[in-house]
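Reader: I am new to this structure. Please show it to me, and then I will ask about it.

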Amino acid sequence: MKIRARGIVPGRASGTAIASPVSFSFVGGVDPANGSILEDATGIAGERLEGRVFAFPTGKGSTVGSYVLYGLQKRGHGPAAIVNRRTDAVVAVGATLAGIPVVDRVDVGGLRTGDRIVVDANRGSVDLPDVKGKRVVTAILRNRGRILIVRRSKKVGAFQGRWSAISGHIEGREDPKHRAIVEVREETGLRGIVFRSAGDPVLARDGATMYIVHPFLFDAPSRRVRLDWENVEHRWIRPEELARFKTVPRLPDVVAAVLGPPA
Amino acid sequence: MRLTRAQRHLLDEGTDAQRKAMEILLTVGRLADAPRLVPITSAHVSGASYKMIGDPGLEFLEDFARDARVSVPTTVNPLGTDLAQWRELGVPAAFAEKQGRIARAYETMGVRPTFSCTPYLVGVRPAFGEHAAWAESNAVVFANSVLGARTNREGGPAALAAAIVGATPEYGLHTDEGREPTVIVKVRARPRGIDYSLIGLVAGERVGDGLPYFRGFRGTEGDLKWLGAALASSGACGMFHLEGVTPEAREARVKGLKSITITPKDLIAAKRAHTDGTEADLIGLGSPQLSAEELQAIARLIDRKPPRIPVWVFTSRVVRDANPDAVGIIERRGGRVLADTCLEVTLLEHRFSTVATPSGKGAYYLPSLCKQKVIFDDVETLLERYA
């Protein structure tokens, strides 16, 4: 599968990924002598950067990080490429000094340590040749501060019995927002919903499948829901209650993409 | 980003350093969605203290200095120690040696060895409306707010890249739009002494990366230096307006802006919040480095009340050399006048544990950068207390 990205530092490189779910500082986060990760919170401590595609949400910490990245690359211990959600100036400048390709605007939460990745910062893309991408929409319906979740039936293709929001596959080149509106009508019977916002795509990983989730927020005029065959149960919950439900992968992140992080 | 033919030429056929400098500017411009590079009349680079940039920074600068040459007048931030007095300060020889190499690398690149955080006090004062590329947050705030020049808060390597190319990405504080205030800050106090630092610290905390429009007080250029330095420490601000004082305040759009108020109570609370020490073993004056007037005033104070604990006075080499009388008085009374370096980027942690200072910027950074406890008060009060 190939996803769009924003090229920050030009170049093209490939390698296996090492992915940190938390933001990263090149000062203290890595051994400048050999490029092995020191920071435990990354979950990849002990791994080496050399030749790998390093994915982390964003940079943090001292501006000296730029020089550390330069020194690592000079000794041949730097990463082959960097993938971020949002590249900060310290990483961007350091990677420029070092000549390491960087892209951002990628939801790195969908990348796994060990994935084969091709980063093309010239064209602005990230390719995962071993992963199959499926584009889906998720519609968050809101009514007086509560959002709708539904439990998936045994007849659906994936994630049976899990809690989800209204969702569906995008077919061909159709407009994701249009697909979201159609799914809401089919699965809830609700009419007169009002579009509020669209969030950046969330990458929800399920083994060799990547769901590229396009999140949308709609206000619903009522809470009278009529389910179809795809779901067996529904609830209107406060967004912060979501943590108590066994959901499809990354539903809380999809909700946060349109509502902001939980209070 | 649109490039001129000359800029395109640097990128394609320049020296290694020129190409790298262009790449840095393109990266920074891409992050900020800047449409083009704007020519600058001066640059000021940060990242010169060995204590701050360590071996990784030294290595980069020495590599870069092989063929990097600046193309506009460029000054550089303070070092980690005074190049002439490091032995007397107890600085390890290895530290001083590496610090000297950093200084030489910058000089090789054609950077003026000012080693000062106050370029605006050592003869670099861009005119109203001129574009510049300055790192060092207090200098950025001063240039934008007091002089009406235009610079973003550059990082060290980006400012160096701009110095080599002679241009910087046009966004943020280079544009009219980016210089409009985002919040009104009413100050219900008649500030004197450290109150300017306190106003800066409180406002920076509340405004974050916004652009404050202050109202309700006045101040000299010297007062605004302390306010701006504190503002840029606790906040990510690169500029402020002060009604009736700063040159762009009159044209600023304030209609409909949110307004916050700073009261004397807020200032007292901030002073308390930045005081965690009980007994000081050093009085540190500077951060930013002192002007000639400030140095002379300190000399008069110290002459009347010689201190019983060490007093380190930080100024630029230019100001130190031009004021031998003030320096003489301070040193006869047991103080030290240090140049090339400044309070929180110098090596203190090997000798001291609690610093008394009237600098808001110093009070903000000393705990993290120098592992010091702080007593934050007016210089008169401190010299009285430790007489």
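Reader: How many residues of chain A are in contact with chain B?

Author: Keep in mind that this is a predicted model. Contact here requires C-beta atoms within 7 Å. On the other side, 17 residues of chain B take part. Chain A brings 16 residues.

Reader: Which elements of chain A each supply at least two residues of the side that touches chain B?

Author: One strand and two helices meet that mark. They are strand 2 (6–9), helix 1 (65–74) and helix 2 (89–98).

Reader: How many residues on that side of chain A are nonpolar?

Author: Sort the side of chain A that touches chain B by class. Charged residues are absent, and five residues are polar. The nonpolar ones number eleven.

Reader: How many helices and strands are there in chain A?

Author: Count the two kinds separately for chain A. The totals are four helices and 16 strands.

Reader: Why is chain A as compact as a globular protein of its length?

Author: For 263 residues, the globule rule gives 18 Å. Chain A comes close to that, so it is as compact as a globular protein of that length. Its radius of gyration is 20 Å.

Reader: What share of the residues in chain A is buried?

Author: A residue is buried if 20 or more other C-beta atoms lie within 10 Å of its own. Among the 263 residues of chain A, that share is 47%.

Reader: Which residues have the most contacts inside the largest nonpolar core?

Author: This core has 209 residues. One of the leaders, B:Val313, touches residues including B:Leu285, B:Ile330 and B:Leu338. The residues with the most contacts inside the core are A:Val83, B:Ala162 and B:Val313.

Technical notes:
Residues are numbered from 1 along each chain as its sequence is written. Chains are lettered from A and ligands numbered from 1 in the order in which they are written. This is a predicted model: local features need pLDDT of at least 70, side-chain atom pairs count only at pLDDT 80 or more; totals for chains, interfaces and linings use all residues. A nonpolar core is a set of buried Ala, Val, Leu, Ile, Met, Phe, Trp, Tyr and Cys residues joined through C-beta atoms within 7 Å. A residue is buried if 20 or more other C-beta atoms lie within 10 Å of its own, exposed if 12 or fewer, and partly exposed in between; C-beta atoms are placed from the backbone. Two residues are in contact if their C-beta atoms, placed from the backbone, lie within 7 Å. The radius of gyration is taken over C-alpha atoms; the globule rule is 2.2 Å times the number of residues to the power 0.38. Ala, Val, Leu, Ile, Met, Phe, Trp, Tyr, Cys and Pro count as nonpolar, Asp, Glu, Lys and Arg as charged, and the others, Gly among them, as polar. Lists of a residue's contacts leave out its neighbours within four places in sequence.
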